[in-house]
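Please open the model in a viewer and keep the sequence panel beside it. The stops below are meant to be followed in order, each beginning with a selection.

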Amino acid sequence: MTDRDRGVVYEVNLDVETAAIDAFRAWLHAHVAEIRALPGFLGAQVFDVVDPEPAGDRVALCVQYRLRDTAALEDYLREHAPRMRADGLARFGGRFVASRRVMAVSPPAGD
């Protein structure tokens, strides 16, 4: 099994101004549902980050998307991500910061 064939987790960490969190959460859940409907996405979960604790005027969220493989992620990043990221920036501007990472499912020992 190659790295490209293993399942992938695409993680987005969000640091949001407390004053914007209600509107941001409403938008985020619709945004996640739209992404989950794309080919190659198997599921997603939104988490409130509790440790490390965010600054007093911030809320930290983490979204983890499960994808079929690296090719599905590459398709999303090429075909959909620019438009979807621009939507969040247009709505919330500098009221949030996002960072991302990609993780591949680790193969069992001996593979």
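The tour goes from the whole chain to two helices and then to a group of aromatic rings.

**Whole chain**

Display the backbone as a cartoon, bearing in mind that this is a predicted model. Three helices and four strands make up the protein, and from the N terminus on they run β-α-β-β-α-α-β. The C-alpha trace spans about 50 × 30 × 20 Å along its principal axes. Switch to a surface representation: the accessible surface comes to about 6,700 Å², and carbon and sulfur atoms account for 53% of that area. Of the 111 residues, 36% count as buried. Among contacts between residues at least 6 apart in sequence, 79% join residues at least 24 apart.

**Helix α1**

Select residues 21–36, which form helix α1. The 16 residues of α1 should span 22 Å at 1.5 Å a residue, and the end C-alpha atoms are indeed 22 Å apart, so the two values agree. Next, show the side chains of I21, F24, W27, L28, H31, V32 and I35, the buried residues of α1. Where do they lie around the axis of α1? They cover an arc of only 140°, which puts them on the same side of the helix. The general reason is that an α-helix has 3.6 residues a turn, so residues three or four places apart point the same way.

Then turn the view to the face of α1 directed away from its buried side; the exposed residues D22 and A26 are carried there. To see what covers the buried residues, add the surrounding elements, which include the strands β1 (8–17), β2 (41–48), β3 (58–67) and β4 (96–104). The helices α2 (70–79) and α3 (81–92) are also part of that cover.

**Helix α3**

Keep α3 selected. Its 12 residues reach 16 Å from the first C-alpha to the last, close to the 16 Å expected at 1.5 Å a residue. Highlight A81, M84, G88 and F92, which are buried in α3. Viewed down the axis of α3, these buried residues fall within an arc of 80° and therefore line one face of the helix. They pack against α1, α2 and β4. Step to G93, which follows α3, and inspect its backbone: phi is positive there, near 45°.

**The aromatic rings**

Now display the aromatic side chains. A search of the whole structure finds eight aromatic pairs. Begin with Y10 and Y65: the ring centres are 6.0 Å apart and the planes are at 25°, so this pair is stacked. The pair links distant parts of the chain, with Y10 in strand β1 and Y65 in strand β3, 55 residues apart. Are these two residues buried or exposed? Y10 counts as buried because its relative accessibility is 3%, and Y65 counts as buried because its value is 2%.

Leave Y65 selected and add F41. The centres of these two rings are 5.8 Å apart and their planes are at 85°, so the pair is edge-to-face. F41 lies in strand β2 and Y65 in strand β3, so the pair ties together parts that are 24 residues apart in sequence. Both F41 and Y65 are buried.

As a final selection, show Y10, F41, Y65 and Y76 together; ring pairs link these residues into a cluster.

Technical notes: Residues are numbered from 1 along each chain as its sequence is written. This is a predicted model: local features need pLDDT of at least 70, side-chain atom pairs count only at pLDDT 80 or more; totals for chains, interfaces and linings use all residues. Side-chain values use heavy atoms; hydrogens and water are left out. Helices (H or I, at least four residues) and strands (E, at least two) are DSSP runs, numbered from the N terminus. The expected span of a helix is 1.5 Å times one less than its number of residues. Buried means under 20% relative accessible area, exposed over 50%, partly exposed in between (1.4 Å probe, protein chains only). The arc is that of the directions from the helix axis to the C-beta atoms. Contact means heavy atoms within 4.5 Å. Rings of Phe, Tyr and Trp (its six-membered ring) pair if their centres lie within 6.5 Å; planes under 30 degrees apart count as stacked, over 60 as edge-to-face and the rest as tilted. Accessible areas come from the Shrake-Rupley method with a 1.4 Å probe; for residues, only the protein chains shown count as cover.
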